[in-house]
Amino acid sequence: MALLFRFSQLRNSMLSSCPARVLIPYAGLSPGKLLDPKSYERRAQETVSLHSASLGSCISGIQPLKFQQTSEHEPSVPLLIFDIETTGYFQKITGNVQKGNRITEFAVRDLCGGKNSTFETLLNPERDVPGHLATVNNINTDLVCRPDVPRFSDVLPLLLAFVRSRQTPGKPVIWVAHNVKRFDGPFLAQEFDRCSAQMPEDWLFVDTLCLARKLPKLSASNDKKHLLNLESLCKRYEISVEGPSHRAMQDVMALCHVFQKMSFDLQLTHEGLMNEAINASYFSKYLN
């Protein structure tokens with residue numbers, strides 16, 4: 001419930017300082033338009049640290065990551081490592097479309113570091129959470145399907161403001177997730193679509209699952225097989241992250257460590273990273 005309490009603090013603080021007409025009509029965004037986050041930016045910078053208040057030593061050991069630039073005077077782009085928990089899988093297969101699954105938890109950390117570099121919240125999926133998933137991450141229907149748990153449409157203006165506060169004007173934002181092409185990205189695009197909005201054109205996405213396929217193969221052993229899921233990559237690099245597994249922020253912290261190790265092993269440069277990135281429009285094929 002700590003996440004819910006911190007989101008309520010953040011929301012109430014912003015409601016008290018911003019005109020209600022700006023914040024309330026989140027469900028009525030104009031088709032294909034994004035809510036302008038400029039009016040939220042100052043308050044978001046001041047209050048978003050509430051979302052990282054309980055991370056504690058979980059963040060320790062993660063150093064800011066900057067890739068080699070073509071020019072030493074060129075500002076770096078934010079690397080937003082993110083993860084979601086959901087009510088099920090996202091499948092877009094002809095004749096077998098699994099509809100109605102929603103995000104139940106969202107977490108992100110800017111790997112470039114700095115103040116207020118994390119954002120996390122539970123989300124009300126407006127539907128039941130299957131019992132078999134609740135046993136995996138302890139996110140159940142009673143926890144998230146409550147009127148005081150924010151919906152994605154509630155969080156969207158705050159998320160946009162957070163991203164803008166990390167972004168260099170005129171530069172893209174790089175979102176990084178494990179299996180973002182088939183899971184995190186389609187879910188995020190679906191939630192934007194539900195708000196009658198589009199993800200910004202300057203949002204790029206890098207899939208660490210694709211990067212993992214380029215790693216040198218390990219010799220098979222009982223404890224270190226060449227598997228590509230996040231848990232196996234943590235074992236490969238002997239990474240241990242505090243907190244419950246299969247929760248969004250804990251998986252973000254694990255991926256922060258893994259991504260740094262993979263980038264070193266693959267000798268990934270800024271140019272190489274941009275070559276791996278896909279545009280937000282890639283996920284439009286998953287929308288109805």
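**Exercise 1. Work out how β4 and β5 pair, and place them in the sheet.**

Solution. Start with the pair itself: β4 and β5 run antiparallel and share five bridges. Strands here are DSSP runs of E with at least two residues, helices are runs of H or I with at least four, and both are numbered from the N terminus. Two strands pair if DSSP finds at least two bridges between them. One bridge to look up is E105, whose partner in β5 is L122.

Now zoom out. The open sheet has six strands, ordered β5-β4-β1-β6-β7-β8, with mixed pairing. At the edges sit β5 and β8 (278–279), each pairing on one side only.

A quick note before going on. This is a predicted model, where local features need pLDDT of at least 70 and side-chain atom pairs count only at pLDDT 80 or more, while totals for chains, interfaces and linings use all residues. Residues are numbered from 1 along each chain as its sequence is written, and side-chain values use heavy atoms, leaving out hydrogens and water.

**Exercise 2. Describe the surroundings of T86.**

Solution. First, find T86 in strand β1 (residues 79–86). Next, is T86 buried or exposed? T86 counts as buried because its relative accessibility is 7%; buried means under 20% relative accessible area, exposed over 50%, partly exposed in between (1.4 Å probe, protein chains only).

Then list the neighbours. Beyond four places in sequence, T86 is in contact (heavy atoms within 4.5 Å) with R102, I103, T104, L133, F183 and F187. Finally, check the side chain: one of its polar atoms lies 2.6 Å from the backbone oxygen of G88.

**Exercise 3. Follow the salt bridges of R102.**

Solution. Use this rule: a side-chain nitrogen of Lys or Arg lies within 4 Å of a carboxyl oxygen of Asp or Glu. The whole structure has eight salt bridges.

Step one: R102 meets E126 at 3.5 Å, N to O. That joins distant parts of the chain, 24 residues apart, with E126 in the loop between β5 (118–122) and α4 (131–137) and R102 in the loop between β3 (96–98) and β4 (103–110).

Step two: R102 also bridges to E191, with the closest N and O atoms 2.9 Å apart. Here the partners are 89 residues apart, E191 being in helix α7 (residues 180–194). Both R102 and E191 are buried.

Step three: put the pieces together. R102, E126, R151, D154 and E191 are linked in a network of salt bridges.

Definitions and conventions. A polar contact is a pair of N or O atoms within 3.5 Å; within protein, one must be able to donate a hydrogen and the other to accept it, and residues adjacent in sequence count only if both atoms are side-chain atoms.
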